[in-house]
Each structure stands twice: as structure tokens, then as C-alpha cells.
Amino acid sequence: MAIEIIAHRGASAVCPENTMAAFERCLQLGATGIETDVQMSSDGRLVLIHDETLNRTAGAPGWVKDTTYEQLRSLDAGSWFHSDYAQEGIPSLEELFDLIQGKKILLNLELKNGIVGYKGMEEKIVQAVRDWDLEQQVILSSFNHASLVKCKRLAPEIRTALLYMEKLYRPYDYAAKLEASALHPYKLAVTQEEVAAAQAQGISTHPFTVNDPAEMQALIQMGVEAIITDVPDVLSALVGVHSR
Ligand code: G3P
Ligand code: MG
């Protein structure tokens, strides 16, 4: 089975992360999936940005949670990367849905609710996925596993994936208990035995963030079903899969 090439924050090595430019570019570079980070504005709109604060990628003070959607949309989310991208804003979730609609692209929505507890976020994401008929294409992930259990209760038909940095004891058993479909471990927390044990329970393994070809190769040999990478072109060349 072909490995899924999941572009981390879009084509984030060559474009500003989590912008429409990054999402469009990754599809040209052979990505078969997109990972992005979802947060909520102060007035409850779902937006795509990694940090909880705005200063690094949007050049503004304050937190996403304290900023209205209109204010967020007025910010420049591209210049920090390169002046060529000064027109890039913070995308809404719907903009990304619009881009992938009708395409066979896997969409990994990471709920960034480990530090900020966004009230009602799970309900809003589930509703949006259903409204756009993307239940089969979406995987919801988070470091906040309680939030994933909530998502699963709200929407048993949408896959969930457990994010973790450090090793877990029998992560496949834990995933099964939480009715998660996949493990999203930091790349150094993966072993061949655990990949095989997960597969035996119908749970796939999608490590992050893997940019080195030798590391990609090693993980492919361990049997992982997907790799989350900043450089989808490098992984695409390695596995010989081209954009769909
Ligand atoms: O979803 C994989 C990866 O994105 C998790 O870490 O900090 O890059 O969002 P982070
Ligand atoms: Mg992420």
C-alpha cells in the first residue's frame, strides 16, 4: 500500500506555514495529505495557525483566543517567512476545505487545545467536517487526548489520532481504548514492534516531523502507513508517488 505523504503545516519548508500558499504548494510537490493546526478566534471562528500567540508568524501582539476573526484576517502571516508572501493571511478552516474539496487529499486537523481550552471547539469542527461532507477524508489529532475522546463521542464516523512526544506503554492498547484510528508519535518514539502491534489491531502509525530521507526510509521499513513532513517532495521522490 502506498504511504501517505502528509505535508506538515503545508509545504512549510518553502512557504510560510499554515497559509493557503503552503497548502496549494504542497499538492504540487506530491503531498497526498495536509496537516494543519486549528485554533479559535475570540468570536468562535476556526482558524489555521500553529502558535497560541500571534507574534512569531503574524507580527502582532496577543493571543489567537483574544483576537476577533476580523482582526486575525487583517494580519500578514507571510512576511515573517519572505516578503514575497506579504499577501498571505491566517486562513479559515473553510478556505482549506474549499481547496481540497473534490480532491483525494487526506486532511489531518490538529486541534491546538493543549494549552488553551477552546470551549465548544470539538462541536464546531465536527459540524464543519459534516457540513462539507469530509468525514472520510479527515483525521482529527491532538496532544489533548480527552478532547479526542469528546470528538469521537460527537462523531464516531470521523477518525482520531493520538499525538505524543515521548514513549507510551503499549500505545496501540491505549489507542484502542480511546477508539482512535491512528498513532501520531514523535519520530523517535516509534519502534517496529509497536507499528506491527498497532497494525494487528487495525491502528495505523503516522510519525512526525520527518524531513531526513534516511529517517523516512527507516520508518517506511518499520511499516508506518504515513509520514508527516515539511518536505513532501523529498518523501514523494523516495517512494515514487506523484501528486494525484
Ligand atoms: O501533527 C504533527 C505535529 O504538527 C505536531 O506538532 O507542534 O508541529 O503542531 P506541532
Ligand atoms: Mg501540528
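Helices and strands are here DSSP runs, at least four residues long for helices (H or I) and at least two for strands (E), numbered from the N terminus. The exercises below concern a predicted model.

**Exercise 1.** Locate Arg170 relative to the secondary structure, and work out whether Arg170 is buried or exposed.

*Solution.* Begin with the chain segment: Arg170 is found in the loop that runs between strand S6 (159–164) and helix H7 (171–177). Next, take the backbone, where Arg170 has a positive phi of about 45° although this residue is not a glycine. Finally, count the surroundings: the cut-off for an exposed residue is 12 or fewer other C-beta atoms within 10 Å, and because Arg170 has 12 such neighbours, Arg170 counts as exposed.

**Exercise 2.** Carry out the corresponding analysis for Asp133, stating where Asp133 lies and what the sign of its phi is.

*Solution.* Asp133 lies in the loop between helix H5 (121–131) and strand S5 (138–142). Its phi is near 55°, which is a positive value in a residue other than glycine. As for burial, Asp133 has 10 C-beta neighbours inside 10 Å and therefore counts as exposed.

**Exercise 3.** Determine which residues of helix H6 (residues 145–154) are buried, and what covers them.

*Solution.* The buried residues of H6 are Ser147, Leu148, Cys151 and Lys152. When the helix is seen down its axis, these buried residues fall within an arc of 145°, so they line one face of H6. The face turned away from that buried side carries the exposed residues Ala146 and Arg153. The cover over the buried residues of H6 includes strand S4 (106–111), together with H5, S5 and S6.

**Exercise 4.** List the residues around ligand 1 and describe their make-up by class.

*Solution.* The residues around ligand 1 are His8, Glu35, Asp37, His50, Glu110, Ser141, Leu163, His184, Phe208, Thr209 and Ile228. Sorted by class, this shell has three nonpolar, five polar and three charged residues.

**Exercise 5.** Describe the annotated region of the chain, and report the confidence that the predictor assigns.

*Solution.* An unreviewed UniProt entry carries the annotation "domain: GP-PDE", which covers residues 3–239. Over residues 3–239 the chain is 34% helix and 18% strand, and the C-alpha atoms at the two ends are 8 Å apart. Turning to confidence, the chain averages a pLDDT of 97, with 98% of the residues scoring at least 70. For the complex, the predictor gives an ipTM of 0.99 and a pTM of 0.97.

Technical notes: Residues are numbered from 1 along each chain as its sequence is written. Chains are lettered from A and ligands numbered from 1 in the order in which they are written. This is a predicted model: local features need pLDDT of at least 70, side-chain atom pairs count only at pLDDT 80 or more; totals for chains, interfaces and linings use all residues. A residue is buried if 20 or more other C-beta atoms lie within 10 Å of its own, exposed if 12 or fewer, and partly exposed in between; C-beta atoms are placed from the backbone. A residue is near a molecule or strand if its C-beta atom, placed from the backbone, lies within 6 Å of it. Ala, Val, Leu, Ile, Met, Phe, Trp, Tyr, Cys and Pro count as nonpolar, Asp, Glu, Lys and Arg as charged, and the others, Gly among them, as polar. UniProt positions are given in the numbering used here, feature names are shortened, and annotations may be inferred rather than shown by experiment. The arc is that of the directions from the helix axis to the C-beta atoms. Two residues are in contact if their C-beta atoms, placed from the backbone, lie within 7 Å. pLDDT is the predictor's confidence in each residue, from 0 to 100.
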